[in-house]
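Colleague: Could you take me through how the helices and strands of this model fit together? Please go one step at a time.

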Amino acid sequence: MKWPKDEGSQCPSCGQRAIVVTSDPIDQAIAGRAYRVAGFTYNRCSACGEEYFSAGQVDDILRAANAAARQELGRLSGDDVAAIRRGLGLTQCQLASRVGVSVGLVTRWERGTVLPNAMADRYLRDLSAHPELVDAGELIARESRGPYRPRARSIAARATKL
Ligand SMILES: [Zn+2]
């Protein structure tokens, strides 16, 4: 499939033959702020305003906007996150469970298509500076599940006594 589509192609959204090819800068929202990225050639419908990007462009636009946001907000880059994770000897899956996020989110952090939020960024830095927190985190996770289990067990124990 040719990308981008020719000028005057039909817009999939409104059906008008109003597609134009543009390289206008794009304002991408990251953490509630718009970051302007340039250098992408894509389609826009001059009738309804819908913009069309290829799948690869979407990731590239997110990466570029995240890079700008990261500098301004002082957040970890995807490479930083991957380096911290490897330094701790964790898989993406293991890091995800330590931080309490999905493995898909860790993958997107490392690809640079999603910026870690302030809390995750701080926690990752803390883990990096204090690798012993990885084990402590596991203890805390176990304790936080704790109150329910003993109670359930004690009820069961009482039930068998009766
Ligand atoms: Zn349209």
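Colleague: Which residues in H5 do Val81, Ile84 and Gly87 in H2 meet?

Modeller: This is a predicted model. The contact between H2 and H5 divides into four nonpolar residues, two polar and no charged. From H2 it involves Val81, Ile84 and Gly87, and their counterparts in H5 are Leu124, Leu127 and Ser128.

Colleague: Are H2 and H5 parallel, perpendicular or oblique to each other?

Modeller: Two packed helices are described by the angle and the distance between their axes. The axes of H2 (residues 78-87) and H5 (residues 118-129) come within 9 Å and cross at roughly 40 degrees. Angles under 35 degrees count as roughly parallel, and 65 to 115 as roughly perpendicular. H2 and H5 are therefore oblique.

Colleague: Which residue in S3 is the bridge partner of isoleucine 26?

Modeller: Strand S2 (residues 26-30) pairs with strand S3 (residues 33-37) in the antiparallel sense, over five bridges. S2 and S3 form a hairpin with two residues between them, and alanine 31 in the turn has a positive phi of about 50 degrees. The bridge partner of isoleucine 26 is valine 37.

Colleague: Which are the edge strands of the open sheet in the order S1-S4-S5?

Modeller: Three strands form this open sheet, and the pairing is antiparallel. S1 pairs with S4 (residues 42-45) over four bridges, with isoleucine 19 opposite cysteine 45 in S4. An edge strand pairs on one side only, and this holds for S1 (19-22) and S5 (51-52). The edge strands are S1 and S5.

Notes:
Residues are numbered from 1 along each chain as its sequence is written. This is a predicted model: local features need pLDDT of at least 70, side-chain atom pairs count only at pLDDT 80 or more; totals for chains, interfaces and linings use all residues. Axes are lines fitted to C-alpha atoms, for helices over the stretch in contact, and angles run from 0 to 180 degrees between N-to-C directions. Angles under 35 degrees count as roughly parallel, over 145 as roughly antiparallel, 65 to 115 as roughly perpendicular and the rest as oblique. Two residues are in contact if their C-beta atoms, placed from the backbone, lie within 7 Å. Ala, Val, Leu, Ile, Met, Phe, Trp, Tyr, Cys and Pro count as nonpolar, Asp, Glu, Lys and Arg as charged, and the others, Gly among them, as polar. Two strands pair if DSSP finds at least two bridges between them.
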